[in-house]
Each structure stands twice: as structure tokens, then as C-alpha cells.
Amino acid sequence: MQASIEKNLSQYSLKSKSSRGRVYKEPKHKIRTEFQRDRERIIHTTAFRRLEYKTQVFVNHEGDHYRTRLTHTIEVAQIARAIARSLNINEDLTEAIALAHDLGHTPFGHAGQDALNICMKSDGGFEHNIQSLRIVDKLEKRYASFPGLNLCFETREGILKKCPKKLAKELGEVGNRFINGKAPSLEAQVTNIADEIAYNNHDIDDGVRSKKISLEKLETLEIFKIQKNDILNKYPKIKKSLLLGELIKSTINLLIIDLIENTLKSIKTNRVENSEDVKNFKKLLVDFSPEIKKDSVQLKRFLNKNLYQHKDVKKMTNQANKIISELFSAYDSDINLLPTDYIKHNEKSLNGRQKRRKIADFISGMTDRYAINEHKKLYK
Ligand code: MG
């Protein structure tokens with residue numbers, strides 16, 4: 001059954017039947033492929049449910065219609081699946097990586113991560129992507145036979161998007177790619193670009209709807225100017241609110257189509273025939289054409305200047321900094337402030353470094369509102 005589900009996939013895709021397997025051996029499932037099981041395990045985690053109350057750009061209480069870390073993740077999975085299906089690579093694996101890619105995010109988005117990274121500076125630092133792997137490997141506790149989710153090697157390797165060499169050595173086999181300079185699988189590459197397509201577009205959408213970016217200002221970007229003219233030719237009397245929706249829709253479409261065409265061309269010209277060729281290829285195969293890549297870089301710069309550095313967003317950044325660093329210093333000076341069921345088994349045997357990692361795990365797992373309430377309790 002499993003083999004028949006994946007039998008028509010391209011030669012350069014990854015298949016469950018040739019997976020390097022799981023750390024703890026498990027019997028095969030009757031009907032589901034290994035990567036399907038991975039995807040489903042991720043959806044059932046506590047970390048996945050918490051994404052609903054974690055910041056993408058806007059803190060959860062700022063409005064009900066802005067993206068949260070959860071809706072961002074679902075949009076990434078949707079875009080990644082569309083691309084994977086079209087490239088005829090493994091959609092289940094792609095989706096599993098997409099659904100897990102932000103599990104390790106702290107409360108308050110990148111501001112929270114930066115603050116926690118500073119707190120952990122002398123103890124190995126903190127990075128959300130590495131934390132996502134730590135969650136699926138160790139921190140989720142649901143299964144009797146193993147810690148974490150016991151995911152397949154390919155899913156774990158795909159989740160680990162970046163990793164310094166020093167840490168890669170400590171991670172064992174899953175970190176080897178960074179030591180040997182190998183490229184990620186096509187499924188992982190697709191997820192990384194789908195992440196970029198998703199946030200660039202939904203942050204524009206949220207930025208305009210929050211009135212931090214004007215529609216007029218968007219036109220300074222070539223990609224939106226061209227799309228807008230096309231939409232106005234088709235719907236000369238279109239309402240402003242619908243214009244934004246149409247702009248986002250057509251831009252996502254343009255980016256996805258360009259990415260698929262350019263990637264297929266690149267696979268063909270470079271004679272990539274199997275998944276080993278993908279890994280040994282020195283560059284990323286999944287990429288935009290040079291022209292669209294320029295647009296995508298411009299879009300990122302535009303968002304950085306007009307949204308991420310906006311004074312209201314910066315205010316949240318400063319607040320997040322304060323909450324995270326003060327929570328950290330409170331727990332660091334008295335570990336017993338952490339919930340007893342979280343520390344009861346081994347708090348006495350922990351050295352300073354292990355204790356601070358445990359604190360970082362706890363803080364990064366918080367939702368925005370939990371962090372705010374916890375901070376209020378400790379600093380009233
Ligand atoms: Mg993301």
C-alpha cells in the first residue's frame with residue numbers, strides 16, 4: 001500500500017520506502033506512509049497547538065484577523081504542497097517539514113528569539129529552527145516507547161534549516177549535512193522558499209490592513225505596480241479592499257509559477273536525476289528566476305523598512321525584550337519559580353548550563369499571553 005502511494009513520484013524525490021528510518025525502530029503502518037505518519041504526529045503536538053497564540057508580526061491580542069504563527073504555518077504548508085505536487089516530489093514529507101518548521105518559535109516572534117538568544121549567550125545561544133528539532137526529538141512527551149515524536153531522518157533533517165558546525169557535530173547524523181556541505185532535499189528546499197513566499201505576502205496584507213503600509217506605497221515595488229495595472233484593466237472599478245486581496249493572490253501565484261518553472265529548468269539543465277544528485281549539487285535547485293529573485297529581495301527590504309521597523313512594531317519588540325529577559329533572570333535566580341511538575345525530577349542534578357537550557361525550553365514554549373501573565377505574576 002505504502003509503495004503504491006509514492007510510486008509515481010519523480011526520481012529526485014524522497015520516498016518513505018527508502019527512508020533512513022527512525023531512531024527507535026517501529027513497525028510499518030498498514031496504510032499510511034512513514035512521512036504521512038510524521039505529518040500527523042506533528043499536528044497532534046502541544047507545540048503545534050500553541051502556535052495559535054504566538055506572534056507572527058502582530059501580538060495575538062492586537063486583532064483577530066492578523067496572522068498568527070499557526071495560520072502562517074498553515075499558509076506555508078499550503079504553498080509548499082502546491083509547489084511539491086507540481087514538481088512531483090513528496091508532498092507528505094514537504095508538508096511535514098512545513099508544519100514543523102516554526103514549532104520552536106518563542107512568544108513575540110523574532111523579538112522574543114533575539115532576547116532569549118542574548119540570555120543564553122554563554123550557554124549555546126537560542127535559535128528557533130534548532131529548537132524546532134529539539135521539540136520533535138526530545139521535548140514533546142506523548143508516546144510510551146520513545147521521547148519526542150521519533151520522526152524519520154529525512155523529516156528531521158528537513159526541519160534543521162541552518163545549524164552552526166559546532167552544534168552540528170553534537171547533533172550526530174542529522175547534523176552531518178552541515179559538516180559535509182551538502183544541500184537539503186528538494187522537499188526541504190521547497191518548504192524554505194514557501195516560508196518566504198508566505199510571510200512576504202501575508203505581512204504585506206497585514207501591514208496594509210493595519211494601516212502601517214499604504215496601498216500607494218506598495219506601488220513603489222515593481223512587482224505590485226505591474227500586478228495592480230493588470231487588475232485595474234480587468235476590474236476598472238474595483239474596491240480598495242478587494243484590490244488588496246487580488247494583489248496578494250496574483251503575486252503569490254506569480255512567485256509560485258516562476259519558482260516551479262525555474263526549478264524544473266534547473267533540474268533539467270544540471271541533469272539532476274536522483275535525490276543524491278540534489279544533495280551533491282553545490283547550489284539550491286529550488287529558486288526563483290534572477291528577475292523574480294530581485295523582486296523578492298526588494299519585497300523583503302520593503303517590509304523590513306516599512307513594517308518590521310515601524311514604531312508600533314518596535315514598541316512590541318522592546319516590550320518583548322523586557323518580558324523575556326526578566327522572566328529568564330527570575331527563573332535563573334530561583335529555579336523553583338518554574339512549575340513543580342516541570343522541574344521536580346531532576347532540578348538538583350542539573351548543572352548551570354543544563355538549568356539554563358531547561359529555562360530556555362520553558363520560556364520558548366510559552367504563548368504570548370502565558371508569557372505576559374507569568375511576567376505580571378513575577379513582577380507585580
Ligand atoms: Mg516561518
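1. Helix α2, which spans residues 34-43, is mostly covered, since nine of its ten residues are buried. The buried residues of this helix are Glu34, Phe35, Gln36, Arg37, Asp38, Arg39, Glu40, Arg41 and Ile42. Please keep in mind while reading that the model is predicted.

2. The next point concerns the metal site. The magnesium ion is coordinated by two histidines through their NE2 atoms, His72 and His101, and by two aspartates through OD atoms, Asp102 and Asp195, at 2.2 to 2.5 Å. Along the chain, these donors of the magnesium ion follow the spacing H-x28-H-D-x92-D. Aspartate 102 lies in the loop between α5 (91-100) and α6 (109-119), whereas aspartate 195 belongs to helix α11 (residues 186-209), so the pair ties together parts of the structure that are 93 residues apart in sequence.

3. Are these two aspartates, 102 and 195, buried or exposed? Aspartate 102 is buried, and aspartate 195 is buried as well, where the word stands for a relative accessible area under 20%.

4. The last point turns to empty space inside the model. Rolling a probe the size of a water molecule over the atoms shows where such space is left. When the whole structure is searched, three cavities of 30 Å³ or more are found, and the largest cavity has a volume of about 40 Å³.

5. Which residues line the largest cavity? Its lining is made up of Val57, Phe58, Glu62, Lys212, Asp312, Val313 and Met316. Sorted by class, the lining of the largest cavity has four nonpolar and three charged residues, with no polar residues.

Notes
Residues are numbered from 1 along each chain as its sequence is written. This is a predicted model: local features need pLDDT of at least 70, side-chain atom pairs count only at pLDDT 80 or more; totals for chains, interfaces and linings use all residues. Side-chain values use heavy atoms; hydrogens and water are left out. On a 1 Å grid over the protein atoms alone, a cavity is a set of points where a 1.4 Å probe fits but cannot get out, and a pocket is an open set with protein on both sides within 12 Å along at least five of seven lines; lining residues have an atom within 4 Å of a point. Grid points are joined across faces, edges and corners, and a volume is the space filled by probe spheres set on the points. Ala, Val, Leu, Ile, Met, Phe, Trp, Tyr, Cys and Pro count as nonpolar, Asp, Glu, Lys and Arg as charged, and the others, Gly among them, as polar. Donors are N, O and S atoms within 2.8 Å of the metal (3.2 Å for Na, K and Ca); water is not among the atoms, so sites may look incomplete. Helices (H or I, at least four residues) and strands (E, at least two) are DSSP runs, numbered from the N terminus. Buried means under 20% relative accessible area, exposed over 50%, partly exposed in between (1.4 Å probe, protein chains only).
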